Each structure stands twice: as structure tokens, then as C-alpha cells.
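Reader: I should like to understand the terms used for this model before I rely on them. Please explain how each description is reached.

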Amino acid sequence: MAGALSQEPTTDGRLVHSKTPIFYHSQQQVAYAFISVQKIPEFVRQSARLPTAFEPYQESDFWLAHSRNFVSDVLLCKTNNGFGTKDAQINQALHYSNASLWAAAQHVLTHGGVACSASQGFHHAHFDHCYGYCTFNGLVIAAKKALASVDKVLLIDGDAHVGDGTENCLQALNLTRRIINVTRDEIGAHAQRKFAAEDWEAFANTLLKKHKPGLVLYQAGADAWAKDPLGAGYLSLKGLESRDRGIFAATKKAGVPIAWNLAGGYANPMQKTIDIHLQTLRVSDEVWF
Ligand SMILES: [Zn+2]
């Protein structure tokens, strides 16, 4: 299913987007009353653009970041998923939410530019266990798949919490030199609280110059909002906008493709979190199109 509102084929067959394409599959939708699950289809609906669907992951795709026993135990409902449940419907949806990020990454690796994966729930997933609303580490899986076509992948994890699961997977897989994980400790330092877009751009530029990635995966975490109820946030709404604008501007100027996803965000009502994600989408459009 092509996103007819956001992309048009040219006469030479390339896809030309007038807006940031969104990768989302209806099978990601689950009847589970938690914001990180419920906000995703609502974000897509409010984006007012047709999402692009994709093939789901197979069990073997999860082995790229995790031990086979852990993957099997979760999928057979022998052990809890990241929501602390043994829920087959949630587990089935994980095949789609994780594949969403790779679909967006594949798109930008092929066509360049930017793409949005309407997904979250990755960075607390460890090599052989999980917690914190994260089950399987879609960041590590997508980054590892990308290493077939680029030398290095830079993960800019803007969630307000430390991407401990990502770090654990990368160490277990011996990939810390090819997949660079920039997470809360580096991004959420106190100096960044007052950053303008230019400061964020300079910050991202330094990362790009240092690591020379062929792909950036960016988690535009909404729980970095200072008023997020989980209490880890440190940016105003304007600060979040500056963060997104600076990171998109730096990658665009450097010619590095970027796929971003939602991550974090627990504000009540849910609309406050969705508004932050829609702000990221607007900035993504403004910088790239
Ligand atoms: Zn978080």
C-alpha cells in the first residue's frame, strides 16, 4: 500500500515525496489500554497521510538482537513481554512494530532523505530479558540489518531514559564500534536544556563528523518533555522542537539518511503526547521538504 498523499512516482520510477512518509501497519493495533500502544494508530490518523505498509518480521529476525531462548519464551508466552504480560496479541503485533523501523530505514537507505516509523518500545529490550514497555529491540535489529549496506549506524536516542537494553544488546553482539548508541547520558546533559536549534544542529554535527554513519536512527522521544509525568523530561515544547529541527538539519546538510520513530511520552490526556509527535512530523516536513 503506497502512501498516495505523500509520495508520487516520477517518470524515471523514483519516488518523490512531498511529505515525510510514515511506515505503519494496521496489525500494530492491539486492544491493550496503555498509551504507548494506543497512541500509535491515533498519531497516524491525525497525521492525515496514508501510511506505507510492509512485511512483518519472522521469529528469526528477532534473533539478530536477542538470544533464541528469550525470543522463543516470549512468543510462546512462557515469559513476560515488556509490558509484564503473557499476551499473544501484543506479541503478534511486535512482529509489525519492529519491522516498521526497518521498513523506514530501508526506504531511506534506498531513496535517501527522511522517513518516519510509527513505532516505539525498543530501547529497554536487553539481549535476553526485557522491561519498561519494550520487548524486542527494533533499533538494534534495524541497525544490524543496515550494516549489510553501510559501515556504521548512529542511534540518536532522544527518549528521556537511558537506552540500557540497546547498550546491552550491542555489547552482547560485539557491535559497539559499528552501531553507536547516543542516549540519555549524552543527550540529556544539563547544558542541552537551553539549546536552540542551532546548538542541537552543532551537537548532531559533531556526532556525524566523529562517527561518519551511513544511516541515522533517531528516537524522537516525547518523554523528554519537562512536563511528562514519568519525570525524566528536561525540555520545553519549544526545546523539543529545537531538538528535532537541529537533528534533521544536521543530517540533511551532511547527506545522511535518517529514519525516526516515536518513543516515550506518557502525558495524560494522550493528546498532549500525540501533539509532540505531530510537532516532530511537522518539523521533519519543514526541514526536509
Ligand atoms: Zn522513556
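Author: A helix here is a DSSP run of H or I with at least four residues, numbered from the N terminus. The model is predicted. By that definition, residues 68-75 form helix H3, and Leu75 is found in this helix.

Reader: What makes a residue a contact of Leu75, leaving aside its neighbours within four places in sequence?

Author: Contact means heavy atoms within 4.5 Å. With sequence neighbours within four places left aside, Leu75 is in contact with Glu59, Phe62, Asn91, His95 and Phe136. Pro257, by comparison, is 182 residues from Leu75 in sequence and 33 Å from it in space, C-alpha to C-alpha.

Reader: Why is the arrangement around the zinc ion called irregular?

Author: The ion is coordinated by Asp159 (OD), Asp159 (OD), His161 (ND1) and Asp223 (OD), at 2.0 to 2.7 Å. Four donors count as tetrahedral if all angles lie between 85 and 135 degrees, and as square planar if opposite donors are over 155 degrees apart and all others between 65 and 115. The four donor atoms here subtend angles of 52 to 153°, and the arrangement is therefore irregular.

Reader: How are the donor residues of the zinc ion spaced in sequence?

Author: The spacing is D-x1-H-x61-D. Asp159 lies in the loop between S5 and helix H6 (164-172), whereas Asp223 lies in the loop between strand S7 (215-219) and helix H9 (237-254). The two are 64 residues apart, and the pair links distant parts of the chain.

Reader: What makes strands S3 and S6 edge strands?

Author: Two strands pair if DSSP finds at least two bridges between them. Six strands form an open sheet in the order S3-S4-S8-S7-S5-S6, with parallel pairing. Strand S3 (22-23) and strand S6 (179-182) each have a single partner strand, so one side of each is left without a neighbour in the sheet.

Reader: How do you know that S5 and S6 are paired?

Author: Four bridges join strand S5 (residues 153-157) to S6, and the two run parallel. The definition asks for at least two bridges. Val153 stands opposite Ile179 in S6.

Reader: What is the volume of the largest cavity, and why is it called a cavity?

Author: A cavity is a set of grid points where a 1.4 Å probe fits but cannot get out. One cavity of 30 Å³ or more is counted, and the largest has a volume of about 200 Å³. Of its 15 lining residues, the closest to the centre are Ser36, Val37, Phe83, Ser97 and Gln120. Helix H1 (35-47) and helix H4 (88-111) each supply at least two lining residues, and H4 gives the largest share, four residues. The lining divides into nine nonpolar, six polar and no charged residues.

Reader: What makes the backbone notable at Pro269 and at Cys77?

Author: A cis peptide bond joins Asn268 and Pro269, with omega about 0°. Pro269 is in the loop between strand S8 (258-261) and helix H10 (270-288). Cys77, in the loop between H3 and H4, has phi near 60°, a positive value in a residue other than glycine.

Key
Residues are numbered from 1 along each chain as its sequence is written. This is a predicted model: local features need pLDDT of at least 70, side-chain atom pairs count only at pLDDT 80 or more; totals for chains, interfaces and linings use all residues. Side-chain values use heavy atoms; hydrogens and water are left out. On a 1 Å grid over the protein atoms alone, a cavity is a set of points where a 1.4 Å probe fits but cannot get out, and a pocket is an open set with protein on both sides within 12 Å along at least five of seven lines; lining residues have an atom within 4 Å of a point. Grid points are joined across faces, edges and corners, and a volume is the space filled by probe spheres set on the points. Ala, Val, Leu, Ile, Met, Phe, Trp, Tyr, Cys and Pro count as nonpolar, Asp, Glu, Lys and Arg as charged, and the others, Gly among them, as polar. Donors are N, O and S atoms within 2.8 Å of the metal (3.2 Å for Na, K and Ca); water is not among the atoms, so sites may look incomplete. Four donors count as tetrahedral if all angles lie between 85 and 135 degrees; four count as square planar and six as octahedral if opposite donors are over 155 degrees apart and all others between 65 and 115; anything else is irregular.
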